[in-house]
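I opened the model to go through its charged pairs, its backbone oddities and a few single residues. These are my entries in the order I made them.

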Amino acid sequence: MSEGYQQVEKAILARRERVNEALPEELPVTRPEHLYEATRYLLDAGGKRLRPTVLLLVAESLLDVEPLSVDYRDFPTLTGGQADVLSAALAIEVIQTFTLIHDDIMDDDDLRRGVPAVHKEYDLSTAILAGDTLYSKAFEFLLETGAADDRSVAANKRLAKTCTRICEGQSLDIEFEQRDAVTPDEYLEMVELKTAVLYGAAASIPATLLGADEETVEALYNHGLDVGRAFQIQDDLLDLTTPSEKLGKQRGSDLVENKQTLVTLHARQQGVDVENLVDTDSVDEVSEAEIDEAVATLREAGSIEYARNRAQELVTSGKENLEVLPDNEARDLLDGIANYLVEREY
């Protein structure tokens with residue numbers, strides 16, 4: 001493992017600890033306990049906290065401060081005054097968790113982060129309510145940053161639009177499962193909506209709250225879009241190549257469920273019979289041997305390499321947008337996280 005990679009993981013871990021410490025305070029288990037236990041369940045199960053890490057590092061880079069040297073709860077703005085950027089980071093993380101809960105419901109997935117999905121651990125109705133509670137709490141958190149009113153409104157507008165786009169992306173993802181012909185451009189549009197826009201929000205919202213100019217805000221948003229799309233492509237690759245116990249869910253589930261990915265779209269263009277790569281439509285019934293054979297076919301078609309190369313191109317594009325930030329350690333860490341998103345193994 002390279003020194004730069006270790007520094008990135010250390011930076012993620014340090015900010016994950018800050019987020020994890022704040023969660024019980026901001027999202028306590030109160031009456032009705034059953035609801036709030038379900039609301040906290042997936043948050044307490046783990047997660048890298050990549051998106052809040054990006055948010056906090058953008059804030060540190062914008063203000064050109066040494067990483068971890070300033071209280072996130074009382075963070076200086078570019079125009080004087082302070083803002084609670086940790087509350088903004090929590091808002092991003094609970095929105096991410098809300099999407100995971102509802103995604104697992106729609107896909108009827110059994111596992112998430114190595115534990116039973118919320119609707120399996122509790123029940124369907126409780127899981128829906130837990131997701132809805134997290135969605136609502138995110139806007140409460142983002143309204144509690146203490147930023148100037150106009151900046152607070154703009155940040156909440158960004159998050160609201162982001163949530164709408166996530167739903168649009170999820171709808172396209174479902175639609176694509178029923179279609180034989182989906183183009184790579186359509187796939188990348190779906191990924192941008194379903195996954196990348198939340199990275200865009202994570203990178204741009206701190207700039208809005210801290211008073212950066214519009215050019216900076218939009219460049220950071222575009223950074224998030226590019227690295228977010230790369231993240232999803234890597235997620236699709238990991239679904240095929242990472243062991244189930246490390247992945248936290250059944251390996252090859254996307255393939256079994258006929259989800260359209262850049263890998264399968266490319267393979268289909270090479271003449272691979274993607275629909276019949278595995279001989280079951282049940283994640284519970286697929287064998288590791290079947291997945292191994294399917295992955296070998298996709299690798300031989302050049303589809304694994306194609307997807308990896310496309311993810312790397314997006315990361316390279318995304319990192320160019322970081323040039324709007326001061327040249328400092330926090331920006332270097334953001335650059336490293338962009339690389340990490342396509343180099344991670346789970």
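**Entry 1. Salt bridges, the count**

I took a salt bridge to be a side-chain nitrogen of Lys or Arg within 4 Å of a carboxyl oxygen of Asp or Glu. The model is a predicted one. With that cut-off I searched the whole structure and got 26 salt bridges. As background, side chains of opposite charge can pair when their charged atoms come close.

**Entry 2. Lys-194 and Asp-103**

I looked up the pair Lys-194 and Asp-103, and the closest N and O atoms of this salt bridge are 3.9 Å apart. Lys-194 sits in helix H8 (residues 184-210) and Asp-103 in helix H4 (residues 85-107), so this salt bridge ties together parts that are 91 residues apart in sequence. I then checked burial: Lys-194 and Asp-103 are both buried.

**Entry 3. Lys-120 and Asp-110**

Next I looked at Lys-120 and Asp-110, whose side chains form a salt bridge with an N to O distance of 3.5 Å. Lys-120 belongs to helix H5, while Asp-110 is in the loop between H4 and strand S3 (111-112), so the parts tied together here are 10 residues apart in sequence. Are the two residues buried or exposed? Lys-120 has 39% relative accessibility and therefore counts as partly exposed. Asp-110 is also partly exposed, at 32%.

**Entry 4. Asp-173 and Lys-259**

I found Asp-173 in a salt bridge with Lys-259, with 3.4 Å between the closest N and O atoms. This pair links distant parts of the chain, 86 residues apart: Asp-173 is in helix H7 (residues 149-177), and Lys-259 is in the loop between helix H11 (253-256) and H12. Asp-173 has a relative accessible area of 3%, and since buried means under 20%, I noted Asp-173 as buried. Lys-259, at 9%, counts as buried too.

I then followed the shared partners. Salt bridges join Asp-103, Asp-104, Asp-107, Arg-112, Asp-173, Glu-177, Lys-194 and Lys-259 into one network. The pair from Entry 2 and the pair from this entry are thus both in that network.

**Entry 5. Asp-108 and His-119**

I turned to Asp-108, which is in the loop between H4 and S3. What is its phi? I read a value near 50°, which is positive in a residue other than glycine. Asp-108 is partly exposed, at 46% relative accessibility.

The side chain of Asp-108 makes a polar contact of 3.4 Å with the side chain of His-119. His-119 lies in helix H5 (residues 118-121). His-119 has a relative accessible area of 11%, under the 20% limit, so I put it down as buried.

**Entry 6. Other backbone oddities**

For reference, most residues other than glycine have a negative phi, and most peptide bonds are trans. Arg-113 is not a glycine, yet its phi is positive, about 55°. I located Arg-113 in the loop between S3 and strand S4 (115-116), and its relative accessible area of 25% makes it partly exposed.

Gly-46 comes just after H2 and has a positive phi of about 135°. In helix H2 itself (residues 33-44), I listed Leu-35, Tyr-36, Ala-38, Thr-39, Arg-40, Tyr-41, Leu-42 and Leu-43 as buried.

Which peptide bond did I note as cis? The bond from Arg-31 to Pro-32 is cis, with omega near -10°. Pro-32 is in the loop between helix H1 (3-26) and H2.

**Entry 7. A negative patch**

I looked at the surface for groups of like charge. Asp-64, Glu-66, Asp-327, Glu-329 and Asp-332 form a negative surface patch. I checked one of these residues, Glu-66, which is in the loop between helix H3 (50-62) and strand S1 (75-76). Glu-66 has 56% relative accessibility, and because exposed means over 50%, Glu-66 counts as exposed.

**Entry 8. Asn-276**

Last, I looked up Asn-276, in the loop between helix H12 (262-269) and helix H13 (288-300). Asn-276 is exposed, with a relative accessible area of 58%. I also took its C-alpha distance to Asn-309: the two atoms are separated by 25 Å, and the residues are 33 apart along the chain.

Key: Residues numbered from 1 in each chain as written. Predicted model: local features only at pLDDT ≥ 70, side-chain atom pairs only at ≥ 80, totals over all residues. Heavy atoms only, no water. Patch = residues over 30% accessible without salt bridge, like charges linked within 9 Å, V, L, I, M, F, W, Y side chains within 5 Å. Areas by Shrake-Rupley, 256 points an atom, 1.4 Å probe, with all protein chains shown as cover. Lys, Arg positive; Asp, Glu negative; His and termini not counted. Charge placed at Lys NZ, Arg CZ, Asp CG, Glu CD. Helix = DSSP H or I, 4+ residues; strand = E, 2+ residues; numbered from the N terminus. Buried < 20%, exposed > 50% of the residue type's maximum accessible area, 1.4 Å probe, protein only. Polar contact = N/O pair within 3.5 Å; in protein donor to acceptor, adjacent residues only side chain to side chain.
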